[in-house]
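Student: I am new to this structure and would like a close look at a single part of it. Could you take one strand and describe its surroundings with care?

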Amino acid sequence: MPVTQANPTLDPLSPDLLNRWRRIPVAVAVDLAPSQQISPQIRPLCPAGQQPRLCARAVTAYCVAPDFGAVLHAIGQTGPGQVLVIAAAGHATNAMIGDVLGGQLHAQGAAGIICDGAIRDTATLAGLADFSVYSRSVTPRGPTSAAHGAVNIAVSVGGCVVQPGDLILGDDDGLIALPVDRLAELIEAAEAKLVLEAEWSRRLAAGDPVSSIFGID
């Protein structure tokens, strides 16, 4: 099939809500919404401590690998506050994106790339400032055609269904895709978990027994 494009109307998110989510680690979010975790086999490109944090809304590209037509069509729709999410069914033989298109996304102000498949030109991609890249695999071999796929439809990425506009959080630990209609519901619980963890750390530093802190008999 030729590349098809959907153009969903997405309600904007309040800056305050986005700023609150930017402070939430992926581990805390996954504790609250485990079904929304993206497989840990899709890993950050940079080493721990060097991976830029990700908090951006999804633009989805469904690829029929080794064809990357959907990526080409999605590039122009991915800008500031957005991350390109490439669903390539874990295809490891042919890269769906590399430095040329990744560099263009960076120039457009996009937040990064998530690829359930392969990427290439990793040294260049890793060097793009404030640009977060995650992939399942790496290969030097490129795509073979650009005629198929779909843009901005629901896709399966790492065992998680990602809808266009979902809020994607990423850090050194991995990724989660949060549906927009759950953001307000979950943020207070996420912030409460951070307060609780800070209290655990305070009590540990004060010498309180672990059994007392965590309620172990």
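Tutor: What follows is a look at strand β12 and its partners, set within the chain as a whole. The model is predicted, and its chain holds seven helices and twelve strands. With a radius of gyration of 18 Å, close to the 17 Å that the globule rule gives for 217 residues, the chain is as compact as a globular protein of that length. Of those 217 residues, 47% count as buried, and strand β12, which covers residues 174-178, is mostly covered, since five of its five residues are buried. This cover lies over both faces of β12, with G174, I176 and L178 buried on one side and L175 and A177 buried on the other.

Turning to the neighbours, strand β11 (residues 167-171) runs antiparallel to β12 and is joined to it by five bridges, and in this pairing G170 stands opposite L175 of β12. The two strands β11 and β12 form a hairpin, with two residues between them. Strand β2 (residues 37-38) also runs antiparallel to β12, to which two bridges join it, and here Q37 has I176 of β12 as its bridge partner. In the chain as a whole, residues 24 or more positions apart account for 74% of the contacts with a separation of 6 or more.

For a contrast with the covered strand, consider a place on the surface, where L204, V210, F214 and I216 form a nonpolar patch with about 350 Å² of accessible area together. Within that patch, V210 belongs to helix α7, residues 210-213, and V210 is partly exposed, with a relative accessible area of 44%.

Notes
Residues are numbered from 1 along each chain as its sequence is written. This is a predicted model: local features need pLDDT of at least 70, side-chain atom pairs count only at pLDDT 80 or more; totals for chains, interfaces and linings use all residues. Side-chain values use heavy atoms; hydrogens and water are left out. Patches are made of residues with over 30% relative accessible area and no salt bridge: like charges are joined within 9 Å, nonpolar side chains (Val, Leu, Ile, Met, Phe, Trp, Tyr) within 5 Å. Accessible areas come from the Shrake-Rupley method with a 1.4 Å probe; for residues, only the protein chains shown count as cover. A salt bridge is a side-chain nitrogen of Lys or Arg within 4 Å of a carboxyl oxygen of Asp or Glu. Helices (H or I, at least four residues) and strands (E, at least two) are DSSP runs, numbered from the N terminus. Buried means under 20% relative accessible area, exposed over 50%, partly exposed in between (1.4 Å probe, protein chains only). The radius of gyration is taken over C-alpha atoms; the globule rule is 2.2 Å times the number of residues to the power 0.38. Contact means heavy atoms within 4.5 Å. Two strands pair if DSSP finds at least two bridges between them.
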